[in-house]
Amino acid sequence: MKILEAKFLTSAVQPSQYPEVTVPEIAFAGRSNVGKSSLINALLGTRIAKISKQPGHTRLLNFFNIRIPSGELRFVDLPGYGYAKVSKTERAAWKRMIGTFLQKRESLALLVIIIDIRHNPQALDLDMVAWAREEGIPHIIAATKADKLPKTKLGHARKLAAQACDLEPQDVYVLSSQSKYGLDKLWTTLEQIIF
Ligand code: GDP
């Protein structure tokens with residue numbers, strides 16, 4: 001995909017801080033360390049998601065404005081989940097923040113739930129899928145780090161992930177931010193959903 005512009009717009013916790021609804025949005029969720037920043041960076045061809053890793057930004061919703069030849073859209077980097085050392089209070093705050101966003105954001109066109117292709121979706125990933133389903137939000141799985149599995153095992157891993165999430169195999173995108181495998185295909189879907 002030819003990225004004409006990609007820039008950090010703002011961070012938010014609650015709806016009053018969300019940017020104005022002007023363009024369709026695609027949100028990215030995943031366990032911390034799954035490769036979410038790498039995927040956003042690889043899709044955009046820049047190291048923009050490093051912003052989301054700066055202290056203070058890691059527990060926020062981070063909005064990025066993007067312009068591609070077919071129009072404008074926004075990526076929303078949702079805070080990673082599954083930290084071992086998170087207190088109950090922090091976990092509740094995270095849940096409230098994501099839940100409110102999923103419930104209230106009318107410009108949300110798609111939720112991309114990122115998993116590691118080497119591991120079956122875990123409880124928190126499945127919670128995310130269930131949440132999207134409850135809220136009626138279109139969602140797909142991005143199974144990343146495909147470069148770490150032999151090519152012959154990718155098809156099976158994709159099928160298992162789809163089964164676990166109660167999705168069709170074509171809703172699971174096998175990719176690698178490192179080798180760029182599968183990124184074009186994901187972009188084609190993102191573009192189709194939005195434009
Ligand atoms: P985040 O916490 O979900 O944002 O994860 P990061 O994007 O920071 O990635 C976590 C680690 O996984 C880093 O060491 C990345 O270099 C590595 N990583 C991310 N994507 C890939 C990938 O597609 N292939 C491989 N081999 N490593 C990856």
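**View 1. Lys53 and Ser37 reach for the ligand.** An oxygen atom of the ligand sits 2.7 Å from an N or O atom in the side chain of Lys53. Keep in mind as you look around that this is a predicted model. Ser37 gets in on the action too: an N or O atom in its side chain is 2.6 Å from an oxygen atom of the ligand. For Lys145, the distance from a side-chain N or O atom to a ligand oxygen is 3.1 Å. How much of the ligand does the protein bury? On its own the ligand exposes 580 Å², and the protein buries 74% of that.

**View 2. Here is the shell around the ligand.** There are 16 residues around the ligand, and the ones that come nearest are Asn33, Ser37, Ser38, Lys53 and Asp147. What kinds of residues make up this shell? Sort them and you get 9 polar, 6 charged and just 1 nonpolar. Now find helix α1, which covers residues 36-44: it supplies 3 residues, the largest share of the shell.

**View 3. Phe8 and Phe64 make an edge-to-face pair.** Time to leave the ligand and go ring-spotting: the model has 8 aromatic pairs. In one of them, the rings of Phe8 and Phe64 lie 5.7 Å apart, centre to centre, with 65° between their planes. Planes over 60 degrees apart count as edge-to-face, so this pair gets that label. The two partners come from distant parts of the chain, 56 residues apart: Phe8 belongs to strand β1 (residues 5-12) and Phe64 to strand β3 (residues 61-68). Is each ring's residue buried or exposed? Phe64 is buried, with a relative accessible area of 0%, while Phe8 is partly exposed at 29%.

**View 4. Trp94 and Trp131 form a tilted pair.** Here the ring centres are 6.2 Å apart and the planes meet at 45°, so the pair counts as tilted. This pair also links distant parts of the chain, with Trp94 in helix α2 (residues 88-104) and Trp131 in helix α3 (residues 123-135). Along the chain, Trp94 and Trp131 are 37 residues apart. Both Trp94 and Trp131 are buried.

**View 5. Three rings join up in a cluster.** Which residues do you see linked here? They are Tyr18, Phe63 and Phe101, and ring pairs are what tie them together.

Terms used
Residues numbered from 1 in each chain as written. Predicted model: local features only at pLDDT ≥ 70, side-chain atom pairs only at ≥ 80, totals over all residues. Heavy atoms only, no water. Near = heavy atom within 4 Å. Polar contact = N/O pair within 3.5 Å; in protein donor to acceptor, adjacent residues only side chain to side chain. Areas by Shrake-Rupley, 256 points an atom, 1.4 Å probe, with all protein chains shown as cover. Helix = DSSP H or I, 4+ residues; strand = E, 2+ residues; numbered from the N terminus. Nonpolar A, V, L, I, M, F, W, Y, C, P; charged D, E, K, R; others polar. Phe/Tyr/Trp six-rings, centres within 6.5 Å; stacked < 30°, edge-to-face > 60°. Buried < 20%, exposed > 50% of the residue type's maximum accessible area, 1.4 Å probe, protein only.
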